[in-house]
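Please consider the structure shown below, beginning with the way two of its helices pack and then turning to its aromatic rings.

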Amino acid sequence: MMQAITIGPHHITSLRPDMPILTLAPMAGISNWPFRLICAKMGARMVGVEFINCNAILHKNPKTLQMMNFCDADIYENTGMSLLAAQIYGNDIDRMVEGARVLEERGAQIMDINFGCSVPKILRSDSGAAFLKDIDRMMNAVNSVAQAVSIPVIIKTRLGWDHKNISILDVVKRAADSGAHAVAVHARTVAQKFNGRADWSWIARAVEVSPVPILGNGDVFTFKDAVRMVTETGCAGVMIARAARDNPYIFSGDLIPTLPERVNLARDHLDMMVEYKGEKIGVMEMRKFFASYFKGFPNASHLRNRLVQVEFVTQAQQIFDEWLVDPDRHSHDV
């Protein structure tokens with residue numbers, strides 16, 4: 001099972017010999033530096049930045065500048081625990097080039113171009129997965145960005161526009177010729193969005209024709225799913241999105257965290273989010289993680305419901321303390 005991927009100058013190996021290479025997908029509103037750092041410490045070998053609009057980079061949009069806080073980059077550089085992959089998207093290739101240069105200067109070790117986002121607003125602007133309607137335009141973007149930066153470029157895309165227009169095999173072959181060092185394949189079409197089942201057979205076919213590493217993505221909910229994806233498709237690694245948000249421990253393998261471990265994770269994450277965004281916004285944005293981190297845990301519903309309503313750090317810490325002292329006393333579920 002021990003895997004290794006070469007992306008430009010970077011040689012990425014599995015966390016352990018019995019594990020595939022697991023990476024964190026870029027997720028809007030999720031993949032900020034606190035969450036990236038948590039996933040890297042758990043074992044994610046590459047961590048994706050929440051995708052960034054190139055127009056907003058050049059206009060120095062305040063929210064975008066905050067998203068471009070790559071304070072975790074030095075940690076990865078110094079420890080080798082992970083690689084920072086900054087993801088860009090846009091509809092103007094010249095601006096994509098300029099945005100990529102800025103993100104490289106900020107400390108990105110890998111440049112990731114988004115050709116997979118199927119959100120209607122993104123598609124209407126001819127960004128993200130809209131590039132799948134014009135593969136020549138997509139490859140022009142890949143080539144232009146690859147020539148403009150000194151770090152390796154990877155792309156994330158889907159199988160095609162719809163089931164009548166599957167283009168992934170053409171894309172992966174041409175991407176390498178255009179300068180891409182790896183391709184992450186979400187095994188759904190644009191038309192599917194996140195509905196239906198991901199068709200991993202196309203990942204296997206992409207692996208057969210691709211001269212660069214293929215990262216598989218789609219319907220990986222557990223560590224066993226990740227192992228199965230590698231076994232069934234031969235992909236070089238697995239890119240995990242929604243499952244990581246709910247359970248960052250997935251990057252450690254088949255570890256099942258105890259309640260104290262979950263609480264300590266939530267405490268650390270809360271501290272970093274408050275450092276990053278201040279108490280008011282940091283606590284509010286942590287609510288979704290509180291709901292995820294304790295989902296499905298026995299005797300958790302009552303305190304979890306209280307956690308997702310907290311407004312201050314002290315409230316959250318009090319609930320954590322109550323939970324650790326006597327978890328059963330405050331619970332209403334089995």
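In this predicted model, the crossing of helices α5 and α7 is right-handed. Two packed helices are described by the angle between their axes and the distance between the axes. Here α5 spans residues 93-106 and α7 spans residues 135-148; their axes cross at roughly 35° and come within 9 Å. On the α5 side, the residues that take part are Ile 93, Met 96, Val 97, Ala 100 and Arg 101, and they meet Arg 137, Asn 140, Ala 141, Ser 144, Val 145 and Ala 148 of α7. Sorted by class, this contact comprises seven nonpolar, two polar and two charged residues.

Arg 137, one of the α7 residues in that contact, also places its charged end over the ring of Phe 131, 3.8 Å from the ring's centre. A second arginine, Arg 158, lies over the face of Phe 194, at 5.2 Å from the ring centre.

The aromatic rings also pair with one another: a search of the whole structure finds eight aromatic pairs. One of them joins Phe 290 and Phe 320, whose ring centres are 5.8 Å apart and whose planes stand at 75°; because an angle over 60 degrees counts as edge-to-face, this pair is edge-to-face. Phe 290 belongs to helix α12 (residues 259-293) and Phe 320 to helix α14 (residues 313-325), so the pair ties together parts that are 30 residues apart in sequence. Phe 290 is buried, with a relative accessible area of 0%, and Phe 320 likewise counts as buried at 0% relative accessibility. Together with Phe 294 and Trp 323, Phe 290 and Phe 320 form one aromatic cluster.

Notes:
Residues are numbered from 1 along each chain as its sequence is written. This is a predicted model: local features need pLDDT of at least 70, side-chain atom pairs count only at pLDDT 80 or more; totals for chains, interfaces and linings use all residues. Side-chain values use heavy atoms; hydrogens and water are left out. Rings of Phe, Tyr and Trp (its six-membered ring) pair if their centres lie within 6.5 Å; planes under 30 degrees apart count as stacked, over 60 as edge-to-face and the rest as tilted. Helices (H or I, at least four residues) and strands (E, at least two) are DSSP runs, numbered from the N terminus. Buried means under 20% relative accessible area, exposed over 50%, partly exposed in between (1.4 Å probe, protein chains only). A charge sits over a ring if NZ of Lys or CZ of Arg is within 6 Å of the ring centre and within 35 degrees of the ring normal. Axes are lines fitted to C-alpha atoms, for helices over the stretch in contact, and angles run from 0 to 180 degrees between N-to-C directions. A crossing is left-handed if the near helix is turned anticlockwise from the far one by less than a right angle, and right-handed if clockwise. Contact means heavy atoms within 4.5 Å. Ala, Val, Leu, Ile, Met, Phe, Trp, Tyr, Cys and Pro count as nonpolar, Asp, Glu, Lys and Arg as charged, and the others, Gly among them, as polar.
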